[in-house]
Each structure stands twice: as C-alpha cells, then as structure tokens.
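Visitor: I'd like a close look at just one part of this structure, please. Could you walk me through how its helices and strands fit together there?

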Amino acid sequence: MSKVLVTGAFGQVGSDLLKALIIKHGKDSVVATDIAEPPSIFKDLHSEKLDVRNPEMLKKILVKEDVRKIYHLASILSASGEKNPFFAFDVNIRGTYDLLRICSEIEGISVMIPSSIAVYGTDSPKDNVSTRAPTRPGTMYGISKVTGELLGMYFYKKFGLDVRGLRFPGLISYETQPTAGTTDYSVDMFIHAVKGLKYSCYLREDTMLPMMYMPDAIKSMINLSEADPSRLIRRIDYNVSAFSFTPSQLYSAIRRIIPDFTMDYSVDSRQEIADSWPASLDVSDAVLEWDFKPEYSMESMVADMIMNLRKD
Ligand SMILES: NC(=O)c1ccc[n+]([C@@H]2O[C@H](COP(=O)([O-])OP(=O)(O)OC[C@H]3O[C@@H](n4cnc5c(N)ncnc54)[C@H](O)[C@@H]3O)[C@@H](O)[C@H]2O)c1
C-alpha cells in the first residue's frame, strides 16, 4: 500500500495535517516522522523518529513504506532561526536539499513544501504583495524558505520531480501551541483571553500582518497537492492568506466575545522581523491556478477559536 509521509509531523501545522490525512487516506496510509516524540493523540499512528539531517534514514523509510507523497514540514521557524541561524541552515536548507535529492532518485514521488511570507524583505512592497515581488529576506528563516522554493523549482525542471509549494502567512490554530514564529502572538492572545489572563503582546499594536485559520491552511495544502498539474505555472511559491489584522484589531475582536480580557504591549526583537514582512498578500495566482478559496473570515475564525479553546 503506497503511503503519505509527513516530516516535522508533530508541529503546529503537522498535527492538524495528520488528522486531515488520516480522514482522507486512512490511518494505515500515513507515516508521521519528527525528531520529537509523538504526542499521546498520535500514539496509535505509524511514526518514525526522523531527523531530516539524516538523509540515509529518510531514504530507507521512503523505500520501505513505498511513500508516494511527502509533506515536508520539518523546519526551524523565524524567531528560533534568528537565535540559532547555523542550526536553522542545517535543518531548513541542507535538510530540504537532501530530501529533494533523495526524492529525485525515486520514481513517482511528489513533494509539498510550505514556504512563508518570510521570503519577503524590507525592499518588498507592503500591501497586496504579489508572488512576483522581490524576495530578499534578512532572516535565516526567510533565506531558507526562498532557497527551498528555488531548489524545488530546480528539481522540478532538472529531474521532473513533482514539487509544489505555497507561502503561508501567520497560521492560527487551537490544536497545538505554536513554537517560535513571529505571528504566534495571535494564538497566545487567544489562549490568555480564554484562561482569563492578561496578555503582554511582543509586537506593536499597529503591526499589520497577513493571517489564515489552520483549517484553511490544511485544505489549501491538500488542494494544491491534488491540483491538475497542467494548470500549475508557478508550482512552488503561491501566496495564500485569508485576512490581515494588527494586534490591536485582534484584541478588539476577542473583547467583543470576552469583554474582560486585558492586554498591554512589551515589544521585543520579533518586531524587527515582523516589520520586514508584508501587511497583506495578493493571492490571485493561487486562485487562478488551483482555485484557492479560504472559508474563514477574521470574525468566524475568532468565534471558532474561542469556542474550541473553551472546550479544552
Ligand atoms: N505556523 C506558521 O504560522 C507558519 C507560517 C508560515 C509557514 N509555515 C511553514 O509550515 C511548516 C510547518 O511549520 P510549523 O508551524 O508546524 O512549525 P513547528 O515548529 O510547529 O513544527 C516543526 C516541526 O519540525 C520538527 N523538527 C525540527 N527540526 C527537525 C529535524 N531536524 N528533523 C525532523 N523534524 C524536525 C519539530 O520537532 C516540529 O515538530 C514549516 O515549513 C514552516 O516554515 C508555518
């Protein structure tokens, strides 16, 4: 039975993706890999401890499990990447290169690599930013994401490897706490609000960033992976996002449901990263080539987040 493999499977995106893949393909067709131990909800799932810096082990698993599709999510995110750029280089750039090289030697495998708005830099425009805008990032994370896109396109053109990818904005989810991204304040704000705690936001109140709710992010990744290849021109770098907001706008939206919630600001080094990112994205390439259409507005996301966090 051919299988779908996820790297970095127990992170924020992977945890939600695994649930969707289990529903779609069945538990026995999904292989979850990560350097981290599986959380209890995935104890019954076939998982392998895999460091993506170990290409030989990756190859063994791909061949043994007859893997046909990979979601390559293993990554060191923006804030952690700036704390340890050499480690981020090894995992994000070397890990992605090795994965693509190995996949190009295996017939009939396809690879999905999420990229990020971190590919943009201070010389990119701010509003309604096109996929074609300059990508000259100033962070190791951003550099690694641009490199992943370029390598993906190279392996497609040179070796015919089916590599696809999309640039996620900040992702908001209630299932897993985010690790070390720059947009994590949004999830933290929800968690504090629902627990009745005051929140101290590390970004300035007027920092506008593009965002998307996790169910839409998972759906968009799966839809792109299944899209008709003859329609795909860009293949690897589609901007996707559903809405943009500032910390102050999210605070107001949460207070409409939880009026007692309070927040102040204690800006740290993540502000510099956020300042180099777009405020909003032009998603027209994704709409044109594979019918990207997010379901959640900011209002419906806020209501759904609070309802689900309250259940927990
Ligand atoms: N979460 C977001 O807001 C967001 C936004 C834009 C892009 N993305 C992209 O989505 C993908 C997944 O991000 P995420 O938010 O789930 O990140 P995350 O940090 O929550 O999860 C990453 C996972 O990778 C694992 N990992 C780290 N080093 C590894 C290694 N050497 N080998 C194997 N696994 C390793 C970690 O244990 C973790 O489970 C990444 O490519 C990221 O760039 C995420």
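Guide: Sure, let's start with helix α7, residues 214-226, which lies across β4, β5, β6 and β10. Its direction is at about 155 degrees to β6. Keep in mind that this is a predicted model.

Those strands belong to an open sheet of seven, ordered β3-β2-β1-β4-β5-β6-β10 and paired in parallel. At the edges stand β3 (47-49) and β10 (238-239), each with a single partner strand, so one side of each has no neighbour in the sheet. For β10, look at strand β6 (residues 162-168): the two run parallel and are joined by two bridges. Find Leu166 and you'll see that its bridge partner in β10 is Tyr238.

Now for another helix on this sheet: α4 packs on it too, touching β1 (3-7), β4 (67-72), β5 (110-116) and β6. The direction of α4 makes about 165 degrees with that of β4.

Helix α4 (residues 85-104) also packs with helix α5 (residues 140-159), at an angle of about 10 degrees and with the axes 10 Å apart. Angles under 35 degrees count as roughly parallel, so α4 and α5 are roughly parallel to each other.

Who meets whom? On the α4 side, the residues include Phe89, Ile93, Tyr97, Leu100 and Arg101, while α5 brings, among them, Met140, Ile143, Leu151, Phe155 and Phe159. Sorted by class, this contact of α4 with α5 has twelve nonpolar, seven polar and one charged residues.

Technical notes
Residues are numbered from 1 along each chain as its sequence is written. This is a predicted model: local features need pLDDT of at least 70, side-chain atom pairs count only at pLDDT 80 or more; totals for chains, interfaces and linings use all residues. Side-chain values use heavy atoms; hydrogens and water are left out. Axes are lines fitted to C-alpha atoms, for helices over the stretch in contact, and angles run from 0 to 180 degrees between N-to-C directions. Helices (H or I, at least four residues) and strands (E, at least two) are DSSP runs, numbered from the N terminus. Angles under 35 degrees count as roughly parallel, over 145 as roughly antiparallel, 65 to 115 as roughly perpendicular and the rest as oblique. Contact means heavy atoms within 4.5 Å. Ala, Val, Leu, Ile, Met, Phe, Trp, Tyr, Cys and Pro count as nonpolar, Asp, Glu, Lys and Arg as charged, and the others, Gly among them, as polar. Two strands pair if DSSP finds at least two bridges between them.
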